[in-house]
Amino acid sequence: MFSTLELFDTKYWDYTPKHFHEKLVAHHGFTQSYNWVRLTLQRHGRVQAAPRRGAHRRKRPRRPMVGMMLHQDGSSHEWVPGQWWDLIVTMDDATNRVYSAFFVEEEGTMSSFQGLTEVIEAQGLFCSLYADRGSHYWHTPEAGGKVDKDNLTQVGRALQQLGIELIPAYSPQARGRSERMFGTFQNRLPQELRSHGITTIEEANQFLKEVYLPEHNALFAREPEDTTSAFVPFTGNVRDTLCVQEDRVVGNDNTVRYKGLVMQIAADRHRHHFVKAKVRVHEYPDGQLVIFHGPRCIGRYQPDGSPITQEDSKHKVA
């Protein structure tokens, strides 16, 4: 017993009893039950007994098949001491399986696109996305009121193009599965990051993808009611849908202005210039920019507006 308490005091003091028990079994050859650990920690004042649960509330039934409904949400938290990041998670309603999870400095349109891209590239198209009424998902004319389903955000437009229904959540209780999942992350992930000496967002994202997420899904994902899948393979270029798209008119100097940048359109063997032509600018989650005239790409640019040449592309591929 002394060695168990010593391990808790010196290495796992901020772990929950359940998390602590898992580490004891996995890394220290421990054979006692979880209840033994929980009661021992309570008896010696390391943790307090959990309060009694309130009245039972009926949960919304899960979707029976994977891919029928996904949840996407963000959680701002002090994941490492002194640093608050947003954790963006996309999970399946049927199984609680987390398909995508990563840290960003601030949740928004681009983080939503990144999570959706990771899911669709790995799993395929799904039927619906359940999300809160954040401004990157919905325009809401009156605070706390109904969303405007006719005035789409960039995320709403992209999902509509992909045939995915976006469903708004109107109360914290409606987002119960996401909230419970974030509670699990907040009770476990900071401790794991501390134990592994991780202090930067880059290290945290690598650990999350390679180590934590597989372990999390192994522990908390459940089997679906129906073993068939509602995911549909997607063979198109999802990158050109899951991006910000804005229309522009080419200036007299054959340039396009976008968010304070001036992007010069290079000479084109098919056309002398694009002055006054209507074009569409795509801004991708990695910051790159592309200009389209109809279906044709007429320019690729770095986040600072400098052109990406064919030579740059070759070096990137190599």
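**Note on the packing of helices and sheets**

1. Helices α6 and α7 stand oblique to each other. In this predicted model, the axes of α6 (residues 176-195) and α7 (residues 201-220) come within 11 Å and cross at roughly 135°. Because angles over 145 degrees would be needed to count as roughly antiparallel, the pair falls into the oblique class. The crossing of α6 and α7 is right-handed.

2. The contact between these two helices draws on Thr184, Phe185, Arg188, Leu189, Glu192 and Leu193 from α6. From α7, the contributors are Ala204, Phe207, Leu208, Tyr212, Leu213, His216, Leu219 and Phe220. By class, the residues of the α6 contact with α7 comprise 10 nonpolar, 2 polar and 2 charged.

3. As to the chain overall, the secondary structure amounts to 8 helices and 11 strands. The C-alpha trace spans about 80 × 45 × 40 Å along its principal axes. Of the 318 residues, 44% count as buried. Among contacts between residues at least 6 apart in sequence, 59% join residues at least 24 apart.

4. One open sheet consists of 5 strands in the order β3-β2-β1-β4-β5, and its pairing is mixed. β3 and β5 occupy the edges with a single partner strand each, so one side of each lacks a neighbour in the sheet. From one strand to the next, the twist averages 25°.

5. Both senses of pairing can be located within this sheet. β4 and β5 pair in the parallel sense over 4 bridges, and the bridge partner of leucine 129 in β5 is leucine 166. Strand β2 (residues 83-92) and β3, by contrast, are paired in the antiparallel sense, with 6 bridges; here aspartate 86 stands opposite valine 104 in β3. The hairpin of β2 and β3 has 5 residues between the strands, and asparagine 96 in this hairpin takes a positive phi near 70°.

6. Is the edge strand β3 mostly covered or mostly uncovered? Strand β3 (residues 98-104) is mostly covered, with 7 of its 7 residues buried. β3 nevertheless has a single partner strand in the sheet. Helices make contact here: α4 packs on the sheet and touches β1 (69-80), β2, β3 and β4, while α6 lies across β1, β2 and β3. The direction of α4 makes about 150° with that of β3, and α6 runs at about 35° to β1.

7. A further helix pair is formed by α4 and α5, whose axes come within 10 Å and cross at roughly 25°. With angles under 35 degrees counting as roughly parallel, α4 and α5 are therefore placed in that class. In their contact, Thr109, Ser112, Phe113, Leu116 and Ile120 of α4 meet Gln154, Val155, Arg157, Ala158, Leu159 and Leu162 of α5. The contact of α4 with α5 is made up of 7 nonpolar, 3 polar and 1 charged residues.

8. Which residues of helix α5 (residues 154-162) are buried? They are Val155, Gly156, Arg157, Ala158, Leu159 and Leu162. The cover over these buried residues includes α4 (109-123), β4 (128-131), β5 (165-168) and β6. Just after α5, glycine 163 takes a positive phi of about 80°.

9. Helix α2 (residues 17-27) has Pro17, His19, Phe20, His21, Glu22, Lys23 and Leu24 as its buried residues. Glycine 29 follows α2 and has a positive phi, near 60°.

10. Another open sheet has 4 strands in the order β6-β9-β10-β11, with antiparallel pairing. Its edges are formed by β6 (244-249) and β11 (296-301), each with a single partner strand, so one side of each is left without a neighbour in the sheet. Neighbouring strands of this sheet are turned against each other by 25° on average, direction ignored. Within the sheet, strand β9 (residues 278-283) runs antiparallel to strand β10 (residues 289-293) and is joined to β10 by 4 bridges. Glutamate 283 has leucine 289 in β10 as its bridge partner.

Note on methods. Residues are numbered from 1 along each chain as its sequence is written. This is a predicted model: local features need pLDDT of at least 70, side-chain atom pairs count only at pLDDT 80 or more; totals for chains, interfaces and linings use all residues. Side-chain values use heavy atoms; hydrogens and water are left out. Axes are lines fitted to C-alpha atoms, for helices over the stretch in contact, and angles run from 0 to 180 degrees between N-to-C directions. Angles under 35 degrees count as roughly parallel, over 145 as roughly antiparallel, 65 to 115 as roughly perpendicular and the rest as oblique. A crossing is left-handed if the near helix is turned anticlockwise from the far one by less than a right angle, and right-handed if clockwise. Contact means heavy atoms within 4.5 Å. Ala, Val, Leu, Ile, Met, Phe, Trp, Tyr, Cys and Pro count as nonpolar, Asp, Glu, Lys and Arg as charged, and the others, Gly among them, as polar. Two strands pair if DSSP finds at least two bridges between them. Buried means under 20% relative accessible area, exposed over 50%, partly exposed in between (1.4 Å probe, protein chains only).
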